[in-house]
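Thanks for coming. I have one structure for today, and I will go through some of its helices and a few backbone details.

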Amino acid sequence: MIAASNDTLIAVVTGGSREIGRAICLALSGAGVRVVVGCQENVDLADQVCGEIERDGGNAVPFLADISNPQGAEALLQAPLRAFGKPANILVNNAGICTPGNLHTITDSDWEQVMATNLMGPWWTTRAFARLLDGQEGDIINIASTAATAPLGRSHHYVASKAALLGITKSLALELAPAIRVNAVVPGYVATERHKSGSVKEQGNILDRTPLCYIIKPSEIANYVLYFATMQCHATGTVLIMN
Ligand SMILES: NC(=O)c1ccc[n+]([C@@H]2O[C@H](COP(=O)([O-])OP(=O)(O)OC[C@H]3O[C@@H](n4cnc5c(N)ncnc54)[C@H](OP(=O)(O)O)[C@@H]3O)[C@@H](O)[C@H]2O)c1
């Protein structure tokens with residue numbers, strides 16, 4: 001735990017404009033954390049998230065930056081300094097993309113974009129976060145996917161990016177201890193827009209493979225992020241699977 005009351009906590013959430021990221025921003029703000037809501041292009045949506053937070057008495061700013069390049073990641077981590085006068089002490093690496101495809105249809109450029117967003121992005125944000133914290137306490141929470149551990153049979157670039165994200169979660173946890181804890185939340189199928197186009201049969205198949213017969217909501221993922229970010233949690237290198 002960061003030994004302070006939550007009003008000293010500042011979070012950067014990548015991909016905070018929509019779905020799981022939006023839920024994480026709202027949950028953190030509900031716990032008194034000031035939030036930078038990151039987005040790549042939908043700044044209007046990031047603005048709406050900030051509006052919701054402000055209406056509830058919280059404090060948040062939107063920030064548009066493409067984390068699939070080091071300059072974008074660096075600019076995003078500078079945002080709390082300008083908005084709140086301090087660097088962030090919570091980083092949630094949530095932004096992620098998945099282009100559909102198989103061995104024959106995934107292009108080299110698909111590979112590069114997925115790896116740059118899902119793996120290099122968290123690497124660059126982590127580097128900037130740790131440098132700005134300069135030895136002070138902090139928490140990094142990486143949002144991976146059960147695709148990293150259970151075979152999908154498709155979207156192999158996405159699988160590889162999330163498996164590698166779990167790998168660097170554990171490895172960075174060792175390097176950055178004891179000041180910065182690095183943990184991962186690993187969602188299975190979450191009720192989000194990206195699955196709305198999925199057939200009733202596909203959703204039925206998911207439910208059949210789910211012992212609790214239940215599809216997780218973004219707010220539930222957010223609660224686990226909140227646990228790592230603000231609770232008395234002496235854990236690092238942990239992988240919390242929610243399937
Ligand atoms: N949904 C699921 O069932 C599920 C399951 C397992 C894991 N996950 C993981 O959970 C995370 C969130 O998933 P989601 O379904 O909520 O995602 P989503 O609705 O597709 O939203 C993606 C977010 O990432 C941002 N983003 C994408 N590329 C970016 C870039 N290059 N730079 C900065 N921001 C970028 C988007 O910003 P804009 O709005 O500006 O485009 C958006 O805020 C992802 O890492 C995903 O892999 C999701």
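I will take the helix pairs, then two single helices, then the loops. Please keep in mind that this is a predicted model.

Let me begin with α1 and α2. Helix α1 covers residues 19-30, and helix α2 covers residues 43-55. How far apart are the axes of α1 and α2? They are 10 Å apart, and the two helices pack at an angle of about 20°. An angle under 35 degrees counts as roughly parallel, so α1 and α2 are roughly parallel to each other. The crossing of α1 past α2 is right-handed. On the α1 side, the contact is made by Arg-22, Cys-25, Leu-26 and Ser-29. On the α2 side, Val-49, Glu-52 and Ile-53 take part. Sorted by type, the residues of this contact are four nonpolar, one polar and two charged.

The next pair is α3, residues 70-84, and α4, residues 108-133. Their axes come within 8 Å and cross at roughly 40°. That angle makes α3 oblique to α4. Here, too, we have a right-handed crossing. Which residues of α3 meet α4? They are Pro-70, Ala-73, Glu-74, Leu-76 and Leu-77. Their partners in α4 are Gly-121, Trp-124, Thr-125, Ala-128, Phe-129 and Leu-132. This contact divides into eight nonpolar residues, two polar and one charged.

Now the single helices, starting with α5, residues 156-176. What span should we expect for its 21 residues? At 1.5 Å a residue the expected value is 30 Å, and the end C-alpha atoms are 29 Å apart, which agrees. Several residues of α5 are buried, including His-157, Tyr-158, Lys-162 and Leu-172. The buried residues of α5 pack against α4, β5, β6 and β7.

Helix α7 can be checked by the same sort of sum. It has 13 residues, 218-230, and should span 18 Å; its end C-alpha atoms are 18 Å apart, so the two values agree. Its buried residues are Ile-221, Ala-222, Tyr-224, Val-225, Phe-228, Ala-229 and Thr-230. What covers them? The cover includes α1, which we met in the opening pair, along with the strands β1 (10-13), β4 (90-93), β5 (138-143), β6 (180-187) and β7 (239-242).

That leaves the loops. In the loop between β5 and α5 we find Ser-155. Its phi is near 45°, a positive value in a residue other than glycine. Is Ser-155 buried or exposed? It has 20 other C-beta atoms within 10 Å, and a residue counts as buried at 20 or more, so Ser-155 is buried.

Cys-213 sits in the loop between α6 (200-208) and α7. Its phi is also positive, about 55°, although Cys-213 is not a glycine. Cys-213 has 9 other C-beta atoms within 10 Å. The cut-off for exposed is 12 or fewer, so Cys-213 is exposed.

One last item concerns the loop between α5 and β6, where Pro-178 lies. The peptide bond from Ala-177 to Pro-178 is cis, with omega near 0°.

That is what I had; I can take questions now.

Definitions and conventions:
Residues are numbered from 1 along each chain as its sequence is written. This is a predicted model: local features need pLDDT of at least 70, side-chain atom pairs count only at pLDDT 80 or more; totals for chains, interfaces and linings use all residues. Helices (H or I, at least four residues) and strands (E, at least two) are DSSP runs, numbered from the N terminus. The expected span of a helix is 1.5 Å times one less than its number of residues. Two residues are in contact if their C-beta atoms, placed from the backbone, lie within 7 Å. Axes are lines fitted to C-alpha atoms, for helices over the stretch in contact, and angles run from 0 to 180 degrees between N-to-C directions. Angles under 35 degrees count as roughly parallel, over 145 as roughly antiparallel, 65 to 115 as roughly perpendicular and the rest as oblique. A crossing is left-handed if the near helix is turned anticlockwise from the far one by less than a right angle, and right-handed if clockwise. Ala, Val, Leu, Ile, Met, Phe, Trp, Tyr, Cys and Pro count as nonpolar, Asp, Glu, Lys and Arg as charged, and the others, Gly among them, as polar.
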